[in-house]
Amino acid sequence: MIFLAMIPAFFWGSTYAVTQYALPDWPPILLGALRALPAGLLLLAIKPIWPKGKQWLQLACLGTINIAVFFCLIFVMALTLPSAISSVGMMSLPVFAMAYHWLLHKRTPSAVQIVSGTLLVVFAWLLFSPGEMALNPLGLLAMLAAIISIVIGSDVTKSLAKQMHWWQVLVWQLILGGVVLSVAALFDGVLNPERYLHALQHISLLNLGGLAWVILLNTALGYGLYVWVLQRMTVVEFTFGGIANPIAGIVFGMVLIGDDYSPTQYLLMAGMVAMSLLPQIVSGLKRNKEQKVASTTFSSNDQPS
């Protein structure tokens with residue numbers, strides 16, 4: 001089951017390098033629309049399910065935050081930052097999620113979360129410092145905005161998942177987010193037609209292969225498998241599966257783009273990944289231990305006296 005959890009994480013980690021390699025001159029808004037809408041329609045065809053009443057507006061808001069904004073930012077990152085930096089940088093998400101829930105929901109972080117979050121920030125500061133490597137400021141801003149988008153979108157998703165079927169949430173956030181991106185791409189194409197015309201007039205087999213990877217494997221299969229696996233795994237198992245994301249970012253960056261880093265930079269990346277996973281692993285192990293103790297206690301009490 002852990003292998004199944006690694007599959008969507010692996011495809012998501014490949015997004016950055018595949019985009020730079022196969023779709024380097026394509027506008028980010030167009031790429032976001034092409035990633036979201038066809039994948040959502042494909043999943044709808046597999047299992048048709050339709051929103052009702054106020055669900056349309058709720059899913060449209062979720063699709064705008066979780067898909068339209070996020071996908072556009074992901075492709076800005078993919079076109080402006082090295083693949084490994086993008087995938088590893090996104091592993092700093094737990095720090096922002098911790099701060100968000102602390103400020104908004106008054107959930108005080110645990111000691112493990114505080115320690116790991118502090119170390120993750122230190123490692124990120126050392127890795128992303130101008131003295132360590134030159135990085136595009138636009139890409140770094142897109143990364144920060146993408147992380148914030150995930151945190152807010154996840155909160156909205158959790159709320160909606162209590163009101164409607166998870167497949168409906170999955171499919172329609174892709175479709176409605178894709179519609180928002182398509183409209184945005186239309187306006188952007190009218191205002192800045194050069195990049196759109198160049199991309200469409202010079203489309204190649206490499207471009208089509210990149211689009212197929214992003215639409216079919218990265219999004220339709222990745223998101224569908226992600227939600228399916230999430231219903232059937234423990235927290236610890238799913239956490240271990242997530243490590244495939246930065247590994248894919250590093251490997252695909254090396255193979256497709258020729259990215260290369262110093263041993264110190266690789267150690268900092270490994271430290272960021274480890275610190276982002278640590279609180280979830282500790283929490284999962286603690287929960288499993290408590291469940292085993294409860295099960296043992298129940299079995300002992302159930303014995304005839």
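These are short questions and replies on how features of this predicted model get their labels.

Me: What makes up the protein chain, helices or strands?
Reply: The chain has 13 helices and zero strands. Read along the sequence, the pattern is α-α-α-α-α-α-α-α-α-α-α-α-α.

Me: How many of the residues are buried?
Reply: Buried residues make up 45% of the 305 residues in the chain. The label goes to residues under 20% relative accessible area.

Me: How do you know that contacts join residues many positions apart?
Reply: Take the contacts with a separation of 6 or more. Residues 24 or more positions apart account for 90% of them.

Me: Why is Ala9 called buried?
Reply: Ala9 has a relative accessible area of 6%. The cut-off is under 20%, so the label is buried. Ala9 sits in helix α1, residues 2-22. Its C-alpha atom is 8.5 Å from that of Pro246, which is 237 residues away along the chain.

Me: Why is Thr80 called partly exposed?
Reply: Its relative accessible area is 23%. Buried needs under 20% and exposed needs over 50%, so Thr80 falls in between. Thr80 belongs to helix α3. Beyond residues up to four places away in sequence, Thr80 touches Asn136 and Gly139. Leu135 is 55 residues from Thr80 in sequence, and their C-alpha atoms are 8.2 Å apart.

Me: What makes Tyr266 partly exposed?
Reply: Tyr266 has 27% relative accessibility. That value is neither under 20% nor over 50%, so partly exposed is the label. Tyr266 is placed in helix α13, residues 263-301.

Me: Which residues does Tyr266 contact, leaving aside neighbours within four places in sequence?
Reply: Tyr266 is in contact with Ile250, Met254, Asp260 and Tyr261. Contact here needs heavy atoms within 4.5 Å. Tyr266 and Ala84 are 9.5 Å apart, C-alpha to C-alpha, with their positions 182 residues apart in sequence.

Me: Why is Ser283 called partly exposed?
Reply: Ser283 comes out at 31% relative accessibility. The range for the label lies between 20% and 50%, so Ser283 fits. Ser283 is also in helix α13. Its C-alpha atom lies 9.2 Å from that of Val112, 171 residues away along the chain.

Me: What makes a group of residues the largest nonpolar core here?
Reply: The members must be buried and of the nonpolar kinds that count, joined through side-chain atoms within 4.5 Å. The largest such core has 69 residues. Met77 and Met90 have the most contacts inside it. Helix α3, residues 55-80, gives the largest share of this core, with 13 residues.

Me: Which residues does Met90 touch, not counting residues up to four places away in sequence?
Reply: Met90 touches Tyr16, Phe70, Ile74, Met77, Met143, Ala146, Ile147 and Ile150.

Me: How do you know that α2 and α8 cross, and at what angle?
Reply: Two packed helices are described by the angle and the distance between their axes. The axes of α2 (residues 28-46) and α8 (residues 166-191) come within 7 Å. They cross at roughly 145°. The crossing is left-handed. The contact residues divide into 18 nonpolar, four polar and one charged.

Me: How many aromatic pairs are there?
Reply: Ring centres must lie within 6.5 Å. By that rule the count is 10 aromatic pairs.

Me: Why is the pair of Trp56 and Trp172 called edge-to-face?
Reply: The centres are 5.0 Å apart and the planes stand at 75°. Planes over 60 degrees apart count as edge-to-face, so the pair earns the name. The pair links distant parts of the chain: Trp56 is in helix α3 and Trp172 in helix α8, 116 residues apart. Trp56 is partly exposed because its relative accessible area is 35%. Trp172 counts as buried, at 5%.

Me: Why is the pair of Phe70 and Phe71 called tilted?
Reply: The ring centres are 6.2 Å apart and the planes meet at 50°. That angle is not under 30 degrees and not over 60, so the pair is tilted. Both Phe70 and Phe71 are buried.

Me: Which residues join Phe10 in one aromatic cluster?
Reply: Phe11, Trp213 and Phe252 form the cluster with Phe10.

Key: Residues are numbered from 1 along each chain as its sequence is written. This is a predicted model: local features need pLDDT of at least 70, side-chain atom pairs count only at pLDDT 80 or more; totals for chains, interfaces and linings use all residues. Side-chain values use heavy atoms; hydrogens and water are left out. Buried means under 20% relative accessible area, exposed over 50%, partly exposed in between (1.4 Å probe, protein chains only). Helices (H or I, at least four residues) and strands (E, at least two) are DSSP runs, numbered from the N terminus. Axes are lines fitted to C-alpha atoms, for helices over the stretch in contact, and angles run from 0 to 180 degrees between N-to-C directions. A crossing is left-handed if the near helix is turned anticlockwise from the far one by less than a right angle, and right-handed if clockwise. Ala, Val, Leu, Ile, Met, Phe, Trp, Tyr, Cys and Pro count as nonpolar, Asp, Glu, Lys and Arg as charged, and the others, Gly among them, as polar. Rings of Phe, Tyr and Trp (its six-membered ring) pair if their centres lie within 6.5 Å; planes under 30 degrees apart count as stacked, over 60 as edge-to-face and the rest as tilted.
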